[in-house]
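Dear colleague,

I am handing over the structure we spoke about, and below it I have set out what was found in it. Please read the notes with the coordinates open beside you.

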Amino acid sequence: MMNWQPPDKPSELAEMRLIEAILNGQFPPESNLPAERELAVLLGVTRPTLREALQRMTRDGWLEIRQGHPTRVRNYLREGQLAILVSIVARPEIMPPDIIPNLLDVRLSLAPAYTAQAIRRAPRDVVDLLSPLTSLPGTPEAYTAADWDLHHGLTVLSGNPVYTLILNGFSRLYATMGLRYFALSSARQASLTFYLALLEAARRHDPDLGEEITRQVMIQSIGFWNQVARK
């Protein structure tokens, strides 16, 4: 059976094009969008379709619609919401260069916490999650998929669904950047060492050790990413 994907709605296409225009500087923060009639022509959509896109972008924090005034592009990094971050990382070709380092800093704060909670709540499940990772094929594809499954599983086992929802927002970026990251043999080896150490911590039912092990590998991963980014 074919898995047909429905085409994007015209309003979704208009929204995507406007977001790309904001990110690439065509409509920078604090600028005004063209008048509605002109903008609809530029985007190739009807005015009702454009209004639908503008309303969604206003809800997410990209825009400010002011009665009797032009629509303002917000300073989205200061005024926006999590939906903006998800939209940005979905477009790596025009993503600001400092987004990845900033995300790694956030992961350094989150990953040790949800790992410790997972071991505290469900150590046997964490062992089951980690055991297959001790004999991975030595390819970037295998490590990217395994690392995603591990961290997703740890967020679920932590018992706090907010961790999982945050992580899910970056699944596409994780898949793309993971292939670049795990192209480094040293990054794959570091992750394998991490999986083995974390497995031992889970077997000991030691959440504090799991937290520290995860913190150290997150710090290490920032250094590896800097190597990748310089290439």
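The chain exposes about 12,600 Å² of surface, of which carbon and sulfur atoms supply 55%. Please keep in mind throughout that this is a predicted model. Of the 231 residues in the chain, 43% are buried, and the C-alpha atoms fill a box of roughly 65 × 45 × 35 Å when it is taken along the principal axes. As for charge, the chain carries 24 positive and 24 negative charges, and the mean positions of these two sets are 2 Å apart.

On confidence, the average pLDDT of the chain is 90, with 96% of the residues scoring at least 70. Residues 1-7 call for caution, since pLDDT stays under 50 there and the model has zero contacts for them beyond four places in sequence.

The secondary structure comprises 12 helices and two strands, and from the N terminus the elements run α-α-α-β-β-α-α-α-α-α-α-α-α-α. If one takes the contacts between residues at least 6 apart in sequence, 67% of them join residues that are at least 24 apart.

The aromatic side chains deserve a closer look. A pair of aromatic rings is described by the distance of the centres and the angle of the planes. The count for this model comes to eight aromatic pairs. One of them is formed by Trp-62 and Tyr-76, a tilted pair with 5.0 Å from centre to centre and 45° between the planes. Because Trp-62 lies in the loop between α3 (47-60) and β1 (63-64), while Tyr-76 belongs to helix α4 (residues 76-79), this pair ties together parts that are 14 residues apart in sequence. Trp-62 is buried, with a relative accessible area of 0%, and Tyr-76, at 10% relative accessibility, also counts as buried.

Another pair is that of Tyr-181 and Phe-224, which is edge-to-face, with 6.2 Å between the centres and 75° between the planes. This pair links distant parts of the chain, given that Tyr-181 sits in helix α10 (residues 171-181) and Phe-224 in helix α12 (residues 207-230), 43 residues apart. Both Tyr-181 and Phe-224 are buried. They also belong to a cluster in which ring pairs link Tyr-143, Tyr-181, Phe-182, Phe-194, Tyr-195 and Phe-224.

With best regards

Definitions and conventions: Residues numbered from 1 in each chain as written. Predicted model: local features only at pLDDT ≥ 70, side-chain atom pairs only at ≥ 80, totals over all residues. Heavy atoms only, no water. Helix = DSSP H or I, 4+ residues; strand = E, 2+ residues; numbered from the N terminus. Buried < 20%, exposed > 50% of the residue type's maximum accessible area, 1.4 Å probe, protein only. Contact = heavy atoms within 4.5 Å. Areas by Shrake-Rupley, 256 points an atom, 1.4 Å probe, with all protein chains shown as cover. Lys, Arg positive; Asp, Glu negative; His and termini not counted. Charge placed at Lys NZ, Arg CZ, Asp CG, Glu CD. pLDDT = per-residue confidence, 0-100. Phe/Tyr/Trp six-rings, centres within 6.5 Å; stacked < 30°, edge-to-face > 60°.
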